[in-house]
Amino acid sequence: MLAEILNKHSPQMKFIIFFLGMSTFCFPQKISFIYETKCKVNSEKQDDVYSENMILDIKNNISIFRDSLDKKNDSIKLNHGNGRYNMGVENKFYVKKNLAQKRIEKVITYLGTDYLLPVEEILNWNITSEQKLIGKYKSQKAETHYGGRNWIAWFTTELPFADGPYIFSGLPGLIVSIQDLNNEYSFNLIEVKKGGTIFDARKKTVKIDWKKYETLAKSYFNDPFNINSKGWKTATFTDPKGNTVDISVKNKEIQNSILQKNNPIELNHKINY
């Protein structure tokens, strides 16, 4: 069957199809890719760079991209029935992909509920002839547009997975590096772990769209500790020095932090509070 397919394509396409077809023989079923992720979440403070290692786990055309803390908490949830999750709605990098079905979904966990946000924006890749060596991998340049940003990616057929960090996928090889033209968001492969683990602790989800996403984000902004739904008019907490402080003080701190993060990766879905 593979030979019949190869005979119908150009020499360059034959190489790509052959390489992708052989991937299951050359690589283990489970593999993890570690990406150094850098973000400038405040457009007015270009020198402030947030850095985090994030993990892309792949098995049989299914992948999950998440930061190391999310993966750890998912493991705790599966083993002990409970897990801790970061507060908030915006700037979440948790992504599930079904490569065979070309399905990409963001996962947002808020107030104990896992929300599933389908990414329906199509990635139209322009593959160029430009090549360079990134680490030990011979890589080729590709360009696309997503989230109101223009992106430059480098992929390698030496790692024959049509996947990459965050929502990025669909190239004839793994994306080893990608960043937007403003150099505000970047993902760079730093480690490959063959036989890595993949598990999904967030299967029971509520499907939402971007409009509902905005509603959730504003709900968190207005009431970070969700005291209104509990029927409380006010609440207090104890600070590190043992002092009792009204919850409104902590609310203000969180709201200021949200306002400072004014440069989301999806600029076309930026929320105006």
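**Cores, strand pairing and enclosed space in the predicted model**

The largest nonpolar core comprises 36 residues, of which F33, Y166, F168 and F187 touch the most other members. A nonpolar core is here a set of buried Ala, Val, Leu, Ile, Met, Phe, Trp, Tyr and Cys residues joined through side-chain atoms within 4.5 Å; buried denotes under 20% relative accessible area, exposed over 50%, and partly exposed the range in between (1.4 Å probe, protein chains only). The structure is a predicted model, in which local features need pLDDT of at least 70 and side-chain atom pairs count only at pLDDT 80 or more, whereas totals for chains, interfaces and linings use all residues. Residues are numbered from 1 along each chain as its sequence is written, and side-chain values use heavy atoms, with hydrogens and water left out.

Two or more residues of the largest core come from each of β1 (30-39), β2, β8 (137-146), β9 (149-156), β10 (174-180) and β11 (185-194), with β9 giving the largest share, five residues. Helices (H or I, at least four residues) and strands (E, at least two) are DSSP runs numbered from the N terminus. A second, separate core contains 15 residues, including L117, L216, Y220 and I271.

Strand β6 (residues 113-118) is largely enclosed by the rest of the structure, because five of its six residues are buried. β6 runs antiparallel to β5, to which six bridges join it; two strands are taken to pair if DSSP finds at least two bridges between them. Within this pairing, E105 has P118 of β6 as its bridge partner. The two strands form a hairpin with two residues between them, and L111 in the turn has a positive phi of about 55°. β6 also pairs with strand β12 (residues 205-207), in the parallel sense and over three bridges; here Y115 is partnered by V206 of β12.

K97, in strand β4 (residues 95-98), is buried, with a relative accessible area of 3%. Its side chain makes a polar contact of 2.7 Å with the side chain of D163. A polar atom of the K97 side chain also lies 2.8 Å from the backbone oxygen of Y166. A polar contact is a pair of N or O atoms within 3.5 Å; within protein, one must be able to donate a hydrogen and the other to accept it, and residues adjacent in sequence count only if both atoms are side-chain atoms.

Y166 also appears in the lining of the largest cavity, together with E90, N91, K92, K106, W210, Y213, P264, I265, E266 and H269. This cavity has a volume of about 80 Å³, and the structure holds one cavity of 30 Å³ or more. The lining divides into five nonpolar, two polar and four charged residues.

The second largest pocket encloses about 670 Å³ of space. Of its 31 lining residues, M87, E90, N91, K92 and K261 are the closest to its centre. Elements giving two or more residues to this lining are β2 (50-59), β3 (62-67), α4 (68-80), β5 (103-110), α5 (210-222) and α6 (247-260). On a 1 Å grid over the protein atoms alone, a cavity is a set of points where a 1.4 Å probe fits but cannot get out, and a pocket is an open set with protein on both sides within 12 Å along at least five of seven lines; lining residues have an atom within 4 Å of a point. Grid points are joined across faces, edges and corners, and a volume is the space filled by probe spheres set on the points.

Methods: Ala, Val, Leu, Ile, Met, Phe, Trp, Tyr, Cys and Pro count as nonpolar, Asp, Glu, Lys and Arg as charged, and the others, Gly among them, as polar.
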